[in-house]
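Subject: Structure for you to look at

Hello,

Here is the structure I promised to pass on. Please open it in your viewer and keep it beside you while you read.

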Amino acid sequence: MTAVRRTGYVYHEQYAWHDTGTQAGIIPPGGPVQPYRTFESPESKSRFAGLVEVSGLLDNLTRVRATHATEEQLLRIHSAEYIERLKASSALQGGDGGDGSTPFGAGSYDIARLAVGGTIAATTAVLDRRVDNAYALVRPPGHHALPDTGMGYCLLANVPIALENARRTHGVERVVIIDYDVHHGNGAQSIYWDDPNVLTISIHQERLFPVTGGDTTETGGPSAPGSCINIPLPAGSGNGAYIAAVERVVAPAARSFRPDLILISSGFDPSPLDPLAAMTVTSGGFRDIATRLVELATQVCGGRIVFSHEGGYSPVHVPFCGLAVLEAISGYNTGIEDPFGPSFDYSPALPLKPWQDEIITEAEHLAQMLSGYN
């Protein structure tokens, strides 16, 4: 029987008000490109929140109130120049985070501060033991954001800022960041590259975004060798590859590292319906991943684990993937079945393939490097 847990849940309607404009997916409109909508739009997140409520699961979660992160908290990761640029553009008509593909509208700076604040609030609730674990359904996402620029739809580094706040307010020292978004978790990797007290693990589609980096050869800076593990899976990887990566790489690495806290960058773009990737993780696969991660947290850090929402661009499938994760971490089963299950649950793409196993085996050796931290 699945254990029932007190799961904190963060969502705020303003997350849906972050305006990313009328790009045709990722291409600015103009000339032959007709305006449409940007892939990073409110639909997948607001529909996820809607299903949480309609399913009845919301009644069994502990609502955690998001507040705006302070500028002092932001400056623990981001440069003052970058913050000032965001504030100035947001006060007018909006602008771009800095890489040319991170559009935002008027008022988005404050919404981004609310997203950071949501992740901070979820983390604080777990560390204060008001809840056993938590899910922060925040927007805009944060796992590509760098100290001096936004990137890949991400304006502020939600998870790293929450991590730094936990260090200052709760004496947290060692943290594992696990990123299963389909895109490489380059933000946390860059920020904590030379920090021996933070282990970053990214499971992603090989060379998808950013198109450079995220390789197994990237293992941490001179002061933190082995503190960075990348698992760049080939396109087409599904449940089998992801579960193998968690069981054979993530879990043993975290056990060796012995963290005080686990933070998850939770992206649902490995879904087979995602328009920006080519993976085949089903809602059941995400459920299994979350189940294993919560069990891992119970083993290594007293259950202290926080999920912060990142990508996932299928408005129709993300809600069911997200509901599966929330059911797994809370222990409540709504009885709602994923209507897309019959299309994907028996796909021959789901089992682990030999060419995927080769990458996971390579990453296993990286996890063994962490024995030096014991």
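Below are my notes on the sheet, the aromatic rings, the cavities and the largest pocket. Please keep in mind that this is a predicted model.

**The sheet**

A good place to begin is the open sheet of eight strands, which pair in parallel. Going across the sheet, the order is β2-β1-β5-β10-β9-β6-β7-β8. At the edges are β2 (62–63) and β8 (228–233), each with a pairing on one side only.

Two of the pairings are worth tracing on screen. β9 (residues 261–266) runs parallel to β10 (residues 305–309), and five bridges link the two. Within that pairing, Ile264 has Phe307 in β10 as its bridge partner. β6 and β7 also run parallel, joined by five bridges, and here Ile178 is partnered by Ile201 in β7.

How many residues of β6 are buried? Five of its five are, so the strand counts as mostly covered. Val175, Ile177 and Asp179 point one way from β6, while Val176 and Ile178 point the other way, and all are buried. As background, side chains in a regular strand alternate between the two faces of the sheet.

**Aromatic rings**

Searching the whole structure turns up nine aromatic pairs. One of them joins Phe48 and Tyr135 edge-to-face, with 5.8 Å centre to centre and 70 degrees between the planes. Phe48 belongs to helix α1 (residues 43–54) and Tyr135 to strand β5 (residues 133–136), so this pair ties together parts that are 87 residues apart in sequence. Phe48 and Tyr135 are both buried.

These two rings also belong to one aromatic cluster, together with Tyr180, Phe268, Phe286 and Phe307. You have met Phe307 already, as the bridge partner of Ile264.

Two arginines sit over rings as well. Arg37 lies over the face of Tyr36, at 4.9 Å from the ring centre. The charged end of Arg174 is placed over the ring of Phe257, 4.1 Å from its centre.

**The two cavities**

The structure contains two cavities of 30 Å³ or more. If you wonder how such spaces are found, rolling a probe the size of a water molecule over the atoms shows where empty space is left.

The largest cavity holds about 60 Å³ of space. Its lining includes His143, Asp179, His184, Thr200 and Ser265. β6 (175–179), α6 and β7 (198–205) each supply at least two residues of that lining, and β7 gives the most, with three. By class, the lining of the largest cavity divides into three nonpolar, eight polar and one charged.

The second largest cavity holds about 50 Å³. Among the residues lining this second cavity are His143, Asn158, Pro160, Ala188, Ser265 and Glu310. Two or more of its lining residues come from each of α5 (158–170) and α6. The lining of the second largest cavity has six nonpolar, five polar and one charged residue.

Which residues should you look for in both linings? His143, Ala188 and Ser265 are found in each of them.

While you are at helix α6 (residues 186–191), have a look at Ser190, which is found there. Is Ser190 buried, exposed or partly exposed? Its relative accessibility is 41%, so Ser190 counts as partly exposed. Ser190 and Thr200 are ten residues apart in sequence, and their C-alpha atoms are 9.6 Å apart in space. Thr200 is one of the residues lining the largest cavity.

**The largest pocket**

Last comes the largest pocket, with a volume of about 250 Å³. It is lined by 16 residues, and the closest to its centre are Ser283, Arg287, Ile336, Glu337 and Asp338. The elements that give two or more residues to this lining are α8 (283–301), α9 (318–330) and α10 (341–344). Of these, α9 gives the most, with four residues. Sorted by class, the lining of the pocket has six nonpolar, five polar and five charged residues.

Do write back if you have trouble finding any of this on screen.

Best wishes

Technical notes:
Residues are numbered from 1 along each chain as its sequence is written. This is a predicted model: local features need pLDDT of at least 70, side-chain atom pairs count only at pLDDT 80 or more; totals for chains, interfaces and linings use all residues. Side-chain values use heavy atoms; hydrogens and water are left out. Rings of Phe, Tyr and Trp (its six-membered ring) pair if their centres lie within 6.5 Å; planes under 30 degrees apart count as stacked, over 60 as edge-to-face and the rest as tilted. Buried means under 20% relative accessible area, exposed over 50%, partly exposed in between (1.4 Å probe, protein chains only). A charge sits over a ring if NZ of Lys or CZ of Arg is within 6 Å of the ring centre and within 35 degrees of the ring normal. On a 1 Å grid over the protein atoms alone, a cavity is a set of points where a 1.4 Å probe fits but cannot get out, and a pocket is an open set with protein on both sides within 12 Å along at least five of seven lines; lining residues have an atom within 4 Å of a point. Grid points are joined across faces, edges and corners, and a volume is the space filled by probe spheres set on the points. Ala, Val, Leu, Ile, Met, Phe, Trp, Tyr, Cys and Pro count as nonpolar, Asp, Glu, Lys and Arg as charged, and the others, Gly among them, as polar. Two strands pair if DSSP finds at least two bridges between them.
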